[in-house]
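Got the model open in your viewer? Set it to cartoon and keep the selection box handy, and we'll walk through it stop by stop.

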Amino acid sequence: MTQTLQAVRGMNDILPDDAEIWENFEDIIRDWLRGYGYRPIRLPVVEPTPLFQRAIGEVTDIVEKEMYSFEDALNGEKLTLRPEGTAGCVRAAIQHGLAAAGGGGRRLWYQGPMFRHERPQKGRYRQFHQVGVEALGFAGPDIDAELIVMGARLWGQLGLADVRLELNSLGSAQERASHRAALVAYLEEHRDALDEDGRRRLHSNPLRILDTKNPALQEIVEAAPKLLDHLGDASRAHFEAVQAMLHDAGIACHVNHRLVRGLDYYNRTVFEWVADRLGAQGTVCAGGRYDTLVEQLGGKPMPAAGFAMGVERLLALWLEGGEAEYAIARPTPDVYVVHQGECARRLAFRAAEALRDVGLNILLHCGEEGSFKSQMRKADGSGAQLALVIGDDEAAAMDVGIKPLRGGGAQRRVPFAVLAEAVLDVLHGSDEDHERAEPEKAGQDAGAKDGSV
Ligand code: HAM
């Protein structure tokens with residue numbers, strides 16, 4: 001027997017029941033983003049590898065070990081499946097002059113799959129999805145605060161009460177250099193106590209040592225020199241202004257001196273929204289300011305900030321505790337069309353199209369015909385409001401039976417020519433003629449055609 005093939009580990013199928021939940025989520029997301037003036041941008045999944053090396057940084061977990069990279073078979077160009085969206089978005093903005101246009105700043109958002117070769121576990125996948133926003137051309141603390149307030153509003157809309165904010169400032173490159181020198185000197189003193197990862201990063205990326213999860217290093221890391229003490233006046237004022245605006249918006253935040261983020265492009269404000277309920281993979285949204293990235297990627301110098309949310313993690317939270325009822329609301333057809341007999345099948349096909357012409361969602365019984373009874377069972381199970389019932393009797397007279405499936409009501413028969421009107425009337429409950437409609441003769445009811453339903 002041929003062996004069946006499976007999806008790649010850490011890359012998940014999203015089956016219809018879940019995909020409908022994703023669609024409900026995406027509806028909310030689109031409205032929420034419009035409320036803040038963000039416009040959509042759709043970006044390629046594959047980008048040149050150097051884009052990520054330059055943007056995210058050579059000495060980061062993502063670039064060192066998590067990228068899916070390959071060579072173009074024709075020209076040998078090094079390509080990578082995008083591990084995140086900021087680099088591609090900035091690349092596109094530069095390439096198409098979006099960032100320069102108008103000078104007033106650009107608010108862009110994107111969504112889609114990202115790829116990182118990580119060890120798969122709950123909340124951590126090799127193909128995962130982000131909704132990301134990038135605000136290009138904004139220097140002030142107001143956009144940092146707005147990005148954070150946006151998150152808070154979304155958690156409110158999704159009914160998520162327990163997502164907390166962690167905030168930090170990474171200052172400027174010079175401020176980080178001054179902090180880094182102090183940090184390296186301090187860590188050198190504790191070199192023997194560091195783990196292998198720490199020793200490896202001591203000179204390449206000492207800031208990431210502050211982020212270690214190793215319990216044995218927590219004491220050393222707690223007492224390490226703080227970046228906040230190396231911030232100059234401008235960075236300090238910026239950070240204080242962000243916090244003041246968050247305070248005004250009623251958002252509680254915890255300044256976490258050890259929050260450094262795993263990508264190198266950040267400066268000044270960085271933040272993460274964390275849901276402890278999700279355990280180790282609890283960060284549902286993360287971002288910050290990246291004022292030098294546009295220039296680093298070849299554009300004119302331009303301040304910018306943004307964030308990205310992990311869709312799988314947010315959906316897990318939403319389903320567990322949020323507005324779960326809305327989350328799992330499923331679209332149902334308005335009408336299910338049942339039919340029996342050759343002429344009836346052809347009229348049923350036309351009837352379904354005629355109803356779609358007036359904007360209704362129709363499920364036409366297709367494939368094996370089965371009895372009226374079994375078709376009606378399917379109609380009922382579909383969640384449709386109405387069944388159209390067409391037998392050869394109806395087809396011969398160019399009539400169609402309309403049978404309400406919810407809340408009772410007799411089946412009635414209408415000429416095909418007025419079908420759409422009659423169905424809309426019944427669906428909208430405004431059919432004054434409904435009561436007066438000639439009731440079906442006993443025995444012509446769909447259920448009675450082949451016994452009972
Ligand atoms: P990031 O922190 O690498 O930032 O990812 C953002 C979010 O994506 C994380 O907080 C998490 O929810 C989700 N995520 C990351 N990796 C995985 C994974 N393997 N499985 C499931 N979810 C995951 C960025 O990507 C930046 N580009 C964010 C940004 C936008 N900064 C400025 N603008």
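What follows is a tour of a predicted model, one selection at a time.

**Stop 1: the sheet.** Start by colouring the strands. You're looking for an open sheet of eight strands, with mixed pairing, in the order β1-β5-β6-β11-β10-β9-β7-β8. Now pick out 39–40 (β1) and 253–255 (β8): these are the edge strands, and each has a single partner strand, so one side of each has no neighbour in the sheet. Zoom in on β1 and add residues 106–115, which make up β5; the two strands run parallel and are joined by two bridges. Show side chains here and you'll find Pro-40 opposite Trp-109 of β5.

**Stop 2: a helix on the sheet.** Next, select 233–248. This is helix α9, and it packs on the sheet, touching β7 (164–169), β8, β9 (267–274) and β10 (283–289). Compare directions with β7: the angle to α9 is about 165°.

**Stop 3: the two sides of α6.** Select 173–189 to get helix α6, which has 17 residues. From first C-alpha to last it reaches 24 Å, close to the 24 Å expected at 1.5 Å a residue. Which residues of α6 are buried? Highlight Glu-175, Arg-176, His-179, Leu-183, Val-184, Tyr-186 and Leu-187. Look down the helix and you'll see why they go together: they cover an arc of only 165° around the axis, so they sit on the same side of α6. Their packing partners are α7 (196–204), α8 (218–222), α9 and β9, so bring α9 back from the previous stop. Then turn to the other side of α6, where Gln-174, Ala-181 and Glu-189 are exposed.

**Stop 4: α1 and its crossing partner.** Select 16–34 for helix α1 and 311–321 for helix α11. Their axes come within 11 Å and cross at roughly 100°, which makes the two helices roughly perpendicular. At the meeting point, α1 brings Ile-21, Trp-22, Asn-24, Phe-25 and Ile-28, while α11 brings Val-311, Glu-312, Leu-314, Leu-315, Trp-318 and Leu-319.

Stay on Ile-28 for a moment. Is it buried or exposed? Its relative accessibility is 15%, so Ile-28 counts as buried, the cut-off being under 20%. Leaving aside neighbours within four places in sequence, Ile-28 is in contact with Leu-154, Gln-157, Leu-158, Trp-318 and Tyr-326. Try a C-alpha to C-alpha distance from Ile-28 to Leu-154: they are 126 residues apart in sequence but 8.6 Å apart in space.

**Stop 5: another crossing.** Select 49–56 (α2) and 86–95 (α4), whose axes come within 9 Å and cross at roughly 105°. That crossing therefore counts as roughly perpendicular for α2 and α4. Show side chains for Leu-51, Phe-52 and Ala-55 in α2, which meet Ala-87, Gly-88 and Arg-91 in α4.

**Stop 6: two backbone oddities.** Most residues other than glycine have a negative phi. Go to the loop between β8 and β9 and click Arg-261: its phi is positive, about 70°, although it is not a glycine. Arg-261 is buried, with a relative accessible area of 12%. Finish at Met-398, in the loop between α15 (392–397) and β15 (399–404). Phi of Met-398 is near 55°, again a positive value in a residue other than glycine. Met-398 is partly exposed, at 35% relative accessible area.

Notes:
Residues numbered from 1 in each chain as written. Predicted model: local features only at pLDDT ≥ 70, side-chain atom pairs only at ≥ 80, totals over all residues. Heavy atoms only, no water. Pairing = 2+ DSSP bridges. Helix = DSSP H or I, 4+ residues; strand = E, 2+ residues; numbered from the N terminus. Contact = heavy atoms within 4.5 Å. Axes fitted to C-alpha atoms, helices over the stretch in contact; angles between N-to-C directions. Expected span 1.5 Å × (residues − 1). Buried < 20%, exposed > 50% of the residue type's maximum accessible area, 1.4 Å probe, protein only. Arc of directions from axis to C-beta. Parallel < 35°, antiparallel > 145°, perpendicular 65-115°, else oblique.
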